[in-house]
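Hello,

Here is the structure I promised to pass on to you. Please open it alongside this message, and then read on for what I found in it.

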Amino acid sequence: MAGAIDLSALKKPASAAAGGAAAGPSGGVEVTEANLEAEVLVRSSQVPVVVLLWSPRSDASVQLGDALASLAAADGGKWSLATVNVDVVPRVAQMFGVQAIPTVVALGGGQPLSSFQGMQPPEQLRGWIDSLLNATAGKLSGGGAGEDPEQVDPELAQARAHLDAGDFDAARAAYQAILDARPNDSEAKGAVRQISFLQRASAHRPDAVAAADAAPDDIDAVFAAADVEILQQNIAAAFDRLIALFKRKTDDDRTKVRTRLVELFDLFDPADPEVIAGRRKLANALY
């Protein structure tokens, strides 16, 4: 996402979707941490994906989900509806930076295109969807009637299947094998970086930011806090934290911090404004 890494699943059993909740929206794919990559990111490269972040505690959430499901059915696959129960998969909701429910985010090609909060009248929903379809017309790889099916590389398909199953070790190994054979494969290159980051970042203690605030010169604590801030989409805060540490360190420690910063920059589109600002601040700190 703009201002955050392309969303990817975190390793957690798919059974985390606990039972017993109130009935949810009547349509759409239920997103878990295991299928987020396939159902949101990969799918959004083919057709627009509308993500509804909802809760069974909110009647408006369910009503909005039903309205969106009706529109998706009427449009016959021109776009995909995905639903995120924020009570069941809070880390996914956190990745989207959701602050209120219901929230709707539209993605195309792994990037956010538009969003809104709260219930909307049917005619406004229809207009919003039409605007989304117009904005992505001819820019994504699938979804059009009569188009030839995309030829999928079997090695990439296997790597994606591991991601869908939540097996990140196998997915990373599969993508790395592709990268070893084809060093310029952009999907494999990005997947290896992002899976490595997400495995590392999701393992940090919940109070990592507070721990780093209490020990601002502890490299490991600051590294952990920056990872967590990126997961929370506090990108500028993560970069600034590391740049401040870089300024206070010398020699090998300084190199270590700079290496971590560059690694985090590489998770994003180089044209992302926060990456550009971060690189500029790092350059100023070097001289």
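**A tour of the model**

In the hairpin of S4 and S5, Gly109 takes a positive phi near 60°, and 2 residues lie between the two strands. I start there as a landmark, but please keep in mind throughout that this is a predicted model.

**The sheet**

Strands S4 and S5 pair in the antiparallel sense, over 6 bridges. If you want a pair of residues to look for, Thr103 has Gln117 in S5 as its bridge partner.

The hairpin belongs to an open sheet of 5 strands with mixed pairing, in the order S1-S3-S2-S4-S5. Which strands stand at the edges? They are S1 (29-30) and S5 (111-117), and each has a single partner strand, so one side of each is left without a neighbour in the sheet. For S1, there is a pairing with S3 (residues 80-85), in the parallel sense and over 2 bridges. Here the residue to find is Val29, whose bridge partner in S3 is Ala82. As a reminder, strands of a sheet pair through backbone hydrogen bonds, either parallel or antiparallel.

**Helices on the sheet**

Helix H2 (residues 59-74) lies across S2 (49-54), S3, S4 (103-108) and S5, and runs at about 165° to S2. Helix H4 (residues 122-136) also packs on the sheet, where it touches S2, S4 and S5, and its direction makes about 170° with that of S5.

How do H2 and H4 pack with each other? Their axes are 11 Å apart, at an angle of about 50°. H2 and H4 are therefore oblique to each other, and their crossing is right-handed. On the H2 side you will find Leu64, Ala67, Leu68 and Leu71, which meet Leu125, Arg126 and Ile129 in H4. By class, the residues of this contact of H2 with H4 are 6 nonpolar, no polar and 1 charged.

**A second helix pair**

Further along the chain, have a look at H6 (residues 168-181) and H7 (residues 186-202), whose axes come within 9 Å and cross at roughly 150°. That angle makes H6 roughly antiparallel to H7, with a left-handed crossing. From H6, the contact is made by Phe168, Asp169, Ala171, Arg172, Tyr175, Gln176, Ile178 and Leu179; from H7, by Glu187, Ala188, Lys189, Ala191, Val192, Ile195, Ser196 and Gln199. Sorted by class, the contact of H6 with H7 has 9 nonpolar, 3 polar and 4 charged residues.

**Some individual residues**

A few places in the loops, and one in a helix, are worth a click.

- Thr32 is found in the loop between S1 and helix H1 (36-44). Is Thr32 buried or exposed? With a relative accessible area of 13%, Thr32 is buried. Leaving out residues up to four places away in sequence, Thr32 touches Val89 and Val92.
- Pro102 lies in the loop between helix H3 (90-95) and S4. A cis peptide bond joins Ile101 to Pro102, with omega at about -5°.
- Gln233 sits in the loop between helix H9 (219-231) and helix H10 (235-248). Phi of Gln233 is near 70°, a positive value in a residue other than glycine. Gln233 counts as partly exposed, at 22% relative accessibility.
- Asp251 lies in helix H11. Asp251 is not a glycine either, yet has a positive phi of about 55°. With a relative accessible area of 62%, Asp251 is exposed.
- Phe268 has its place in the loop between helix H11 (251-265) and helix H12 (273-286). Phe268 counts as buried, at 8% relative accessibility. C-alpha to C-alpha, Phe268 and Gln194 are 9.7 Å apart in space, while 74 residues separate them in sequence.

**The chain as a whole**

To step back, how many helices and strands does the protein chain have? There are 12 helices and 5 strands. The protein chain has 287 residues, and 44% of them count as buried. Among contacts in the chain between residues at least 6 apart in sequence, 68% join residues at least 24 apart.

Happy to go through any of this with you on screen.

Best wishes

Key. Residues numbered from 1 in each chain as written. Predicted model: local features only at pLDDT ≥ 70, side-chain atom pairs only at ≥ 80, totals over all residues. Heavy atoms only, no water. Axes fitted to C-alpha atoms, helices over the stretch in contact; angles between N-to-C directions. Helix = DSSP H or I, 4+ residues; strand = E, 2+ residues; numbered from the N terminus. Parallel < 35°, antiparallel > 145°, perpendicular 65-115°, else oblique. Left-handed = near helix turned anticlockwise from the far one by under 90°. Contact = heavy atoms within 4.5 Å. Nonpolar A, V, L, I, M, F, W, Y, C, P; charged D, E, K, R; others polar. Pairing = 2+ DSSP bridges. Buried < 20%, exposed > 50% of the residue type's maximum accessible area, 1.4 Å probe, protein only.
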